[in-house]
Amino acid sequence: MPHLAQGCRSILGIALESYAMGCIQSISCKSKVFRESIAVIEVKASIDPVPTNIDESSSVVLRYRTPHFRASAQVLIPPIPKKETWIVGWIQACGHMEFYNHYGEQGMSSWELPDLLDGKIQAISDSDGVNYPWYGNTTETCTIVGPTRKESKFNISMNDNFYPSVTWAVPVSESNVTKLTSIYRDQSFTTWLVAMNTTTNETVTLQTIKWRMKLGIEVNPSRPLGQRAKLQEPSAQEQPQVLSRNEPIPPSALVKPNANDAQVLMWRPKDGPPLVVIPPKHRS
C-alpha cells in the first residue's frame, strides 16, 4: 500500500505540473497570438522631391531648410482582453552625422555627437526630448487602453527636416566679416514603428525605415548678401527604404540624451587645438 500511495502522489504531482504548465503556455500563447495579430495595413515613407531652400535674409547667419522626411502608417490592434495600455508610435535614432561648416583657410566648425563619434553607442535617440522614447506625442503616437471589445484601427504619422542657422563669420571671432565658404552635411537615421505595452514593457517592432539626408552648399564670401550661397548636389534626396526585415532597436535609441541635447559645436582651426563653442546640454 505505501508503494501505491506514493505512486498516486507521483501521478497527481505530474497532473498538477502538467496543468500548471498548460496554463503558463496558454497565457504565453495568448500573448503571442495578440502580438502577431497587430497588423500594419499600410506604411508610407518619402522625402519631399524638392531641393533644399537657402535663406540669405540675415546679415548674421545663413539659414537653409531641407525637404521633409515623412512617414505614415495605418495600424490595426486586436481587442485587448486585459486592463493594460498599449502605445503605437514612431521611434527614431541617428546612426551617423557629419555636419561641417568650412571657413576657408581659417578652419571649420563642426556639430558633433561625441559618444556616436567615438563608437560608444550604435545610435542616439532622436526623441523630442520629452516623450522618450517616442519621436513626438501628437500625430506620432496613439494610445489604446484596455480592456477593449473591438479592434482599434488608426493612422499615425511623423515628419522631420533640418532648419539650422550657420554664422557667416568665424564663430570664435570678434569680427563680423563673412568667411564662410561651404557647408557639408550627411546624416543617416533609422525610424521604427513600434507597439509598446506600458504595463509589461513588452515591445513589438512592426516596421523599420532607413533614410538619409545629404547636402552641400558652396559659399562665395566676397559676393553681396543674397548672392553668396549655391546649392550643390544632390538637388533631390534618395528616397527612404522600408525594410522587409526589421532591425533591432539599440538601447541607446530608447533613453536620454537625445541628439539635440548631446550635440556639441566644435571649432577646429587649421592651426592650433580645437575649441568647444557650444557645449552639450547633457553631459554623459
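**Figure 1. Strands β2 and β3 form a hairpin with five residues between them.** This model is predicted. The two strands pair in the antiparallel sense, over three bridges. Ile54 is found in β2, which covers residues 53-55. Its bridge partner in β3 is Tyr64. β3 has a second partner as well: three bridges join β3 to β10, and these two strands run antiparallel. Here Val61 stands opposite Thr167 of β10.

**Figure 2. A close-up of Ile54 in strand β2.** Is Ile54 fully exposed or partly exposed? Its relative accessible area is 24%, so Ile54 is partly exposed. The cut-off for buried is under 20%, and exposed begins over 50%. Which residues does Ile54 touch, leaving aside those up to four places away in sequence? They are Leu62, Arg63, Tyr64, Ile217, Ala229, Lys230 and Leu231. Among them, Tyr64 is also the bridge partner of Ile54 in β3. Now look at Thr66, which is twelve residues from Ile54 along the chain. The C-alpha atoms of Ile54 and Thr66 are separated by 8.7 Å.

**Figure 3. His68 in the loop between β3 and β4.** The loop follows β3 (61-65) and leads to β4 (69-77). Is His68 buried or exposed? With a relative accessible area of 19%, His68 is buried, because buried means under 20%. Setting aside residues up to four places away in sequence, His68 touches Ser46, Ile47 and Asp48. His68 also touches Asn159, Asp160 and Asn161.

**Figure 4. Strand β6 is mostly covered.** Six of the six residues of β6 are buried. Follow one side of the strand: Gly107, Ser109 and Trp111 are all buried. Now follow the other side: Met108, Ser110 and Glu112 are buried too. Both faces of β6 are therefore covered, with buried meaning under 20% relative accessible area.

**Figure 5. β6 and its partner strands.** β5 and β6 pair in the antiparallel sense over three bridges. His102 has Met108 of β6 as its bridge partner. The hairpin of β5 and β6 has four residues between the strands. In this hairpin, Gly104 takes a positive phi near 55°. β6 also pairs with β15, which covers residues 264-269. This pairing is antiparallel too, and has six bridges. One of the paired residues is Ser110, whose bridge partner in β15 is Met266.

**Figure 6. The largest pocket and its lining.** About 540 Å³ of space lies in this pocket. Its lining has 28 residues, and the closest to the centre are Phe99, Pro164, Arg185, Asn260 and Gln263. Which elements each supply at least two residues of the lining? They are β5 (85-102), β6 (107-112), β10 (165-167), β11 (182-197) and α3 (259-262). β5 gives the most, with four residues. By type, the lining divides into 14 nonpolar, ten polar and four charged residues. How can empty space be found at all? Rolling a probe the size of a water molecule over the atoms shows where empty space is left.

**Figure 7. Two cis peptide bonds and a positive phi.** Most residues other than glycine have a negative phi, and most peptide bonds are trans. Tyr132 and Pro133 are joined by a cis peptide bond, with omega about 0°. Pro133 is found in the loop between β7 (124-125) and β8 (141-145). Another cis peptide bond joins Gly146 and Pro147, again with omega about 0°. Pro147 is found in the loop between β8 and β9 (152-160). Turn next to Asn201, in the loop between β11 and β12 (203-219). Phi of Asn201 is near 65°, a positive value in a residue other than glycine. Asn201 counts as exposed, because its relative accessibility is 61% and the cut-off is over 50%.

**Figure 8. The chain as a whole, for orientation.** The chain has three helices and 16 strands. Of its 284 residues, 42% count as buried. The accessible surface comes to about 16,000 Å². Carbon and sulfur atoms account for 53% of that surface. How far apart in sequence are residues in contact? Take contacts between residues at least 6 apart in sequence: 74% of them join residues at least 24 apart.

Definitions and conventions: Residues are numbered from 1 along each chain as its sequence is written. This is a predicted model: local features need pLDDT of at least 70, side-chain atom pairs count only at pLDDT 80 or more; totals for chains, interfaces and linings use all residues. Side-chain values use heavy atoms; hydrogens and water are left out. Buried means under 20% relative accessible area, exposed over 50%, partly exposed in between (1.4 Å probe, protein chains only). Contact means heavy atoms within 4.5 Å. Accessible areas come from the Shrake-Rupley method with a 1.4 Å probe; for residues, only the protein chains shown count as cover. On a 1 Å grid over the protein atoms alone, a cavity is a set of points where a 1.4 Å probe fits but cannot get out, and a pocket is an open set with protein on both sides within 12 Å along at least five of seven lines; lining residues have an atom within 4 Å of a point. Grid points are joined across faces, edges and corners, and a volume is the space filled by probe spheres set on the points. Ala, Val, Leu, Ile, Met, Phe, Trp, Tyr, Cys and Pro count as nonpolar, Asp, Glu, Lys and Arg as charged, and the others, Gly among them, as polar. Two strands pair if DSSP finds at least two bridges between them.
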